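Before the points below are read, please have the sequence and the model open side by side. The note goes through them in numbered paragraphs.

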Amino acid sequence: VISLELMLFVLQVRNEFYKDSQGVILVYDVGLRESFDALDSWFTEMKQEMGSQANMENIIFVVCANKVDLTKRRVVDESEGKLWAESRGFHYFETSAQSGEGINEMFQAFFSSITDMCENGGKRPTSEVNVGFTKEQADTIRRIRNSKDSWDMLGVKPGATREEVNKAYRKLAVLLHPDKCVAPGSEDAFKAVVNARTSLLKNIK
């Protein structure tokens, strides 16, 4: 019998439960931006409490985007949640505690991954951490999502020349083109960059 210690992260978690954990479930409310933004602080706290990066790499992480049944109040879309999870090599599931959507699939994948890790000598199998896109691509998509205008989106200063705009666009296009980037949200980010370039060039003489 494999002894598993499960930590379910909500708004409060007791630090003594961090030690010797084999699996972690991070849950946020898709209708509450603050709960999604808190994932970074939760993860940082975990790393501080649990010690070395080597230990963190041998823990199974699952991210649950909860309350997906409440579609009208959703503020964190699927691609944004998947990007946060998959850029760190974590599993991602869309769930609803109310309807039960995704719950069984999430727990089956979670415990199956922990079992595989235990059978692999306590080390997470390589396939578990295969991201498929780079940190630069993930960071760029996040930056584009949070950009305040077209200048900011392309990473150029207001008043930049046509040459500077086109140079910035080409760099982003190579990085985010759908044929080269499989990161969640990359297609929307690429379209946003194309539109930003078009908009800026119309107003540059």
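What follows is a set of numbered points on helices, salt bridges and cysteines.

1. On the basis of the model: this is a predicted model, in which local features need pLDDT of at least 70 and side-chain atom pairs count only at pLDDT 80 or more, whereas totals for chains, interfaces and linings use all residues. Residues are numbered from 1 along each chain as its sequence is written, and side-chain values use heavy atoms, with hydrogens and water left out.

2. On the salt-bridge total: a search of the whole structure returns 11 salt bridges, a salt bridge being a side-chain nitrogen of Lys or Arg within 4 Å of a carboxyl oxygen of Asp or Glu. As background, side chains of opposite charge can pair when their charged atoms come close.

3. On the network around glutamate 80: Arg33, Asp77, Glu80 and Arg145 are joined in a network of salt bridges. Within this network, arginine 33 and glutamate 80 pair through their side chains at 2.7 Å, N to O; because arginine 33 belongs to helix H1 and glutamate 80 to helix H3 (residues 78–86), the pair ties together parts that are 47 residues apart in sequence. Helices here are DSSP runs of H or I with at least four residues, numbered from the N terminus. Glutamate 80 also forms a salt bridge with arginine 145, at 3.8 Å, N to O, and this second pair links distant parts of the chain, with glutamate 80 in helix H3 and arginine 145 in helix H5 (residues 135–145), 65 residues apart.

4. On the accessibility of these partners: glutamate 80 counts as buried because its relative accessibility is 14%, where buried means under 20% relative accessible area, exposed over 50% and partly exposed in between, with a 1.4 Å probe and protein chains only. Arginine 33, at 29%, and arginine 145, at 32%, are each partly exposed.

5. On a pair inside helix H5: lysine 135 and aspartate 139 form a salt bridge whose closest N and O atoms are 2.6 Å apart, and because they are 4 residues apart in helix H5, about one helical turn separates them. Lysine 135 is exposed, with a relative accessible area of 64%, while aspartate 139 is partly exposed at 31%.

6. On serine 35: this residue is placed in helix H1 (residues 33–50) and, at 6% relative accessibility, is buried. Its side chain reaches the backbone nitrogen of aspartate 29 at 2.9 Å. Once neighbours within four places in sequence are set aside, serine 35 is in contact (heavy atoms within 4.5 Å) with Tyr28, Asp29 and Trp42.

7. On helix H4: which residues of H4 are buried? They are Met106, Phe110, Ser113, Ile114 and Met117, and because these buried residues fall within an arc of 95° when seen down the axis of H4, they line one face of the helix; the arc is that of the directions from the helix axis to the C-beta atoms. On the other side of H4, the residues Asn104, Gln108 and Glu119 are exposed. Just after H4, glycine 121 adopts a positive phi of about 75°.

8. On the cysteines: the structure holds 0 disulfides, a disulfide being a pair of cysteine sulfur atoms within 2.5 Å. Cysteine 64 is buried at 3% relative accessibility, whereas cysteine 118 is partly exposed at 24%.

Notes:
Helices (H or I, at least four residues) and strands (E, at least two) are DSSP runs, numbered from the N terminus. A polar contact is a pair of N or O atoms within 3.5 Å; within protein, one must be able to donate a hydrogen and the other to accept it, and residues adjacent in sequence count only if both atoms are side-chain atoms.
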